[in-house]
Amino acid sequence: MLSARPVGSWVCALLAIAAVACAPLSVDQERRLGADFSRDFMRRADLVRNPVVTGYVSAIGERLLRHAGPQPFKYRFHVVAKNEVNAFAAPAGHIYLYTGTVLRARNVSELAGVIAHEIGHVAQRHVASKFNRALATNILHQFGVVAAELAAGPEAGRAAHTVGGLAAMGYLNTFSREAEHEADAFAVQLMVRAGYDPRGLAAFFETLRKEGGSSAPRFLSSHPATSDRIANTRKMIEGLSRGTPLQTEDGGRLREIQGILRKTAEH
């Protein structure tokens, strides 16, 4: 049986590593992480390469960014050829929209709302915080496995690995409710400054919530669109003073893009 001394050494070492992992991720670290993630994801994902489609989505993102203030990252907008309603922000401004999201948007303000929300997660450093949480959680999970193994043998370690892994997955699956609220508030303000009608954001979430039922789209499971959250977004919009008219439609351009995506999917 191992003595208490080496057990204590393992514990202290792992706790020290966990403390370092909890330190804030720097901008340079996030840039490197974003580049690594993007290279890996783009090797595995089926991305839309049509320059008309990618140019359309990127133009919406760039228009929003012109009104977002100074940003430490160069944002990149990608379209994933997957017919599900989903979107996510990766580190350092790599934003991915699934074709199902583009096809489900009823007008450009709804699509701009989704993009503005994801920009908000990057700009507010939610993505960096989530990575820190993931790293710390994984280290603490491994600490639990090692501690269990040292205390009660390999079988206990395997059990701790299974239970700890499930707990970590649940912990890391979503942004916090506070982070989602911050991203919504950021998106509403940004859309108004960029000239898009912010009601598109709430309308997109509301439509998906109503139609999803018990099998809500993956996008809603990773971005909890509760009735309270939608109501709060609508309240923020009502509190804004209206000046110049805000854009909802784009002269049928979105429908052209949707037509291209549908034709591509048929072949």
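**Entry 1: a pair in helix H2**

I started with Asp-36, which is partly exposed, with a relative accessible area of 42%. I'm working from a predicted model, by the way. Next I looked up who Asp-36 pairs with, and found its side chain in a salt bridge with that of Arg-39, at 2.3 Å from N to O. Arg-39 is partly exposed too, with a relative accessible area of 49%. How far apart are the two in helix H2? They sit three residues apart in this helix (residues 27-44), which means about one helical turn separates them.

**Entry 2: counting salt bridges**

I then wanted the total. How many salt bridges does a search of the whole structure find? The search turns up 13. I picked a couple more to look at.

One of them joins the side chains of Lys-82 and Glu-84, with 3.8 Å between N and O. I checked Lys-82 for exposure and noted it as partly exposed, at a relative accessible area of 41%.

**Entry 3: a buried pair**

My next stop was Arg-229, which forms a salt bridge with Glu-180; their closest N and O atoms are 3.6 Å apart. Arg-229 belongs to helix H11 (residues 227-238) and Glu-180 to helix H8 (residues 177-194), so this pair ties together parts that are 49 residues apart in sequence. Are these partners buried or exposed? Arg-229 has 8% relative accessibility, so I wrote it down as buried, the cut-off being under 20%. Glu-180 is buried as well, at 1% relative accessibility.

I also jotted down a network: Asp-40, Arg-43 and Arg-44 are joined into one by salt bridges that share partners.

**Entry 4: the nonpolar cores**

Time to leave the charges and look at the greasy bits. In soluble globular proteins, nonpolar side chains tend to be buried together. Here, the largest nonpolar core has 49 residues. Which members touch the most others? I got Ile-60, Leu-64, Leu-111, Ile-115 and Ile-119. Helix H5 (residues 108-123) supplies the largest share of this core, with eight residues.

I zoomed in on Ile-115. Ignoring neighbours within four places in sequence, I found Ile-115 in contact with Val-57, Ile-60, Gly-61, Leu-64, Phe-77 and Leu-97. Two of those names, Ile-60 and Leu-64, were already in my list of members that touch the most others.

Last thing for today: there is another core, lying apart from the largest one. This other core has seven residues, including Phe-41, Leu-47, Ala-90 and Tyr-98.

Terms used
Residues are numbered from 1 along each chain as its sequence is written. This is a predicted model: local features need pLDDT of at least 70, side-chain atom pairs count only at pLDDT 80 or more; totals for chains, interfaces and linings use all residues. Side-chain values use heavy atoms; hydrogens and water are left out. A salt bridge is a side-chain nitrogen of Lys or Arg within 4 Å of a carboxyl oxygen of Asp or Glu. Helices (H or I, at least four residues) and strands (E, at least two) are DSSP runs, numbered from the N terminus. Buried means under 20% relative accessible area, exposed over 50%, partly exposed in between (1.4 Å probe, protein chains only). A nonpolar core is a set of buried Ala, Val, Leu, Ile, Met, Phe, Trp, Tyr and Cys residues joined through side-chain atoms within 4.5 Å. Contact means heavy atoms within 4.5 Å.
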